[in-house]
Amino acid sequence: MKRVIYNKFDKHSITALPLVTFPGRIVVIVSAGETEKAVDYLLSRDILGVDTETRPSFKRGEMHKVSLLQVSSRDICFLFRLNYTGITPAIKRLLEDKTVKKIGLSWHDDILMLKKREDFKPGLFIDLQDIVGNIGIEDRSLQKLYANIFGQKISKRQRLTNWENDVLTDKQKVYAATDAWSCIMLYEEIMRLLQSDGYVLEVVSEENMQQEASNVEDASQGERVE
């Protein structure tokens, strides 16, 4: 049976989906000396997921440099705390590597942010936003893509937390690792679907999406009344 993929996924439908989190080991890197071994390990893998986090700005004109670079294999995610380590020679080697596929989402923006710390020549990176159109998906957010393809929800509650805290909370660590790891999952599944022709694209009209949102709201109100 072919998988049904929607060109647009209704964000209101995500709420009811089961939560997915990174199932592996998370390693936090806080010193420059630790980056060498971490990068050696990562570059021994066949594929990596990447993402960054930046301390949010709530004042007009306030800007922060990227605080965290998370790089994940299928089972281990390294969180490089760039506000402590900076872009070390090892991290630069990782970013410029052309041998291992590194999958990100909206990664073009992340590269620009990373270059504000130190210039580098980007290596082998694949942006999911550049390939999801190949199976007809119009959405570009990680949460909608994962919900559409896997029927699971990625929580975004930690996105606007302080990524320059002295110590990251467990919730921040899991959030960061999940975002990087999920890029691998999405890439491999999209490639599988394309190669096997194992999906049917269902085009959802704006009218249908509005009706679905209304149904979700009605159900929510009914639960409150009860």
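Leaving aside its neighbours within four places in sequence, which residues is Arg45 in contact with? The two partners are Ser73 and Val100. This is a predicted model, so everything below describes a prediction.

Let's stay with Arg45 for a moment. You'll find Arg45 in the loop between helix H1 (32–42) and E3. Arg45 and Val100 sit 55 residues apart in sequence, yet their C-alpha atoms are 7.2 Å apart in space. As for accessibility, Arg45 counts as partly exposed, at 33%.

**The cores**

Now for the inside. The largest nonpolar core has 35 residues, and Leu128, Tyr187 and Ile190 have the most contacts inside it. Three elements each supply at least two residues of this core: strand E5 (76–81), helix H5 (142–150) and helix H6 (170–196). H6 gives the most, with 12 residues.

Leu128 is a good place to look around. Not counting residues up to four places away in sequence, Leu128 touches Ile103, Gly104, Leu105, Cys183, Leu186, Tyr187 and Ile190. There is also a second, separate core of 25 residues, and among its members are Ala38, Ile87, Leu95 and Val100.

Leu95 turns up again in helix H3 (residues 89–96), where the buried residues are Ala90, Ile91, Leu94 and Leu95. These four cover an arc of only 140° around the axis, which puts them on the same side of H3. The spacing fits a general pattern: an α-helix has 3.6 residues a turn, so residues three or four places apart point the same way.

**Two cysteines, no bond**

How many disulfides are there? The count comes to zero. Take Cys77: its sulfur is 10 Å from the closest cysteine sulfur, in Cys183, and that is too far for a bond, because a disulfide needs the two sulfurs within 2.5 Å. Seen from the other end, Cys183 is in no disulfide either, and its nearest cysteine sulfur is that of Cys77, 10 Å away. Both cysteines are tucked away from the surface: Cys77 is buried at 0% relative accessibility, and Cys183 is buried at 2%.

Here is how some of the residues in this report compare in relative accessible area.

| Residue | Relative accessible area | Class |
|---|---|---|
| Cys77 | 0% | buried |
| Cys183 | 2% | buried |
| Glu189 | 11% | buried |
| Arg45 | 33% | partly exposed |
| Asp197 | 46% | partly exposed |

**Along H6 and beyond**

Glu189 belongs to helix H6. Leaving aside neighbours within four places in sequence, Glu189 is in contact with Arg3, Ile149 and Phe150.

Asp197 lies in the loop between H6 and strand E8 (199–202). Asp197 has a positive phi of about 55° although it is not a glycine. Most residues other than glycine have a negative phi. Ser106, another non-glycine residue, also has a positive phi of about 55°, and its place is in the loop between strand E6 (101–104) and H4.

**The largest pocket**

Which residues are closest to the centre of the largest pocket? Of the 21 that line it, they are Asp51, Thr52, Glu53, Arg159 and Tyr175. The pocket's volume is about 620 Å³. Strand E3 (47–54), helix H4 (107–115), H5 and H6 each give two or more residues to the lining. E3 gives the most, with five residues.

Technical notes:
Residues are numbered from 1 along each chain as its sequence is written. This is a predicted model: local features need pLDDT of at least 70, side-chain atom pairs count only at pLDDT 80 or more; totals for chains, interfaces and linings use all residues. Side-chain values use heavy atoms; hydrogens and water are left out. Buried means under 20% relative accessible area, exposed over 50%, partly exposed in between (1.4 Å probe, protein chains only). The arc is that of the directions from the helix axis to the C-beta atoms. A nonpolar core is a set of buried Ala, Val, Leu, Ile, Met, Phe, Trp, Tyr and Cys residues joined through side-chain atoms within 4.5 Å. Contact means heavy atoms within 4.5 Å. On a 1 Å grid over the protein atoms alone, a cavity is a set of points where a 1.4 Å probe fits but cannot get out, and a pocket is an open set with protein on both sides within 12 Å along at least five of seven lines; lining residues have an atom within 4 Å of a point. Grid points are joined across faces, edges and corners, and a volume is the space filled by probe spheres set on the points.
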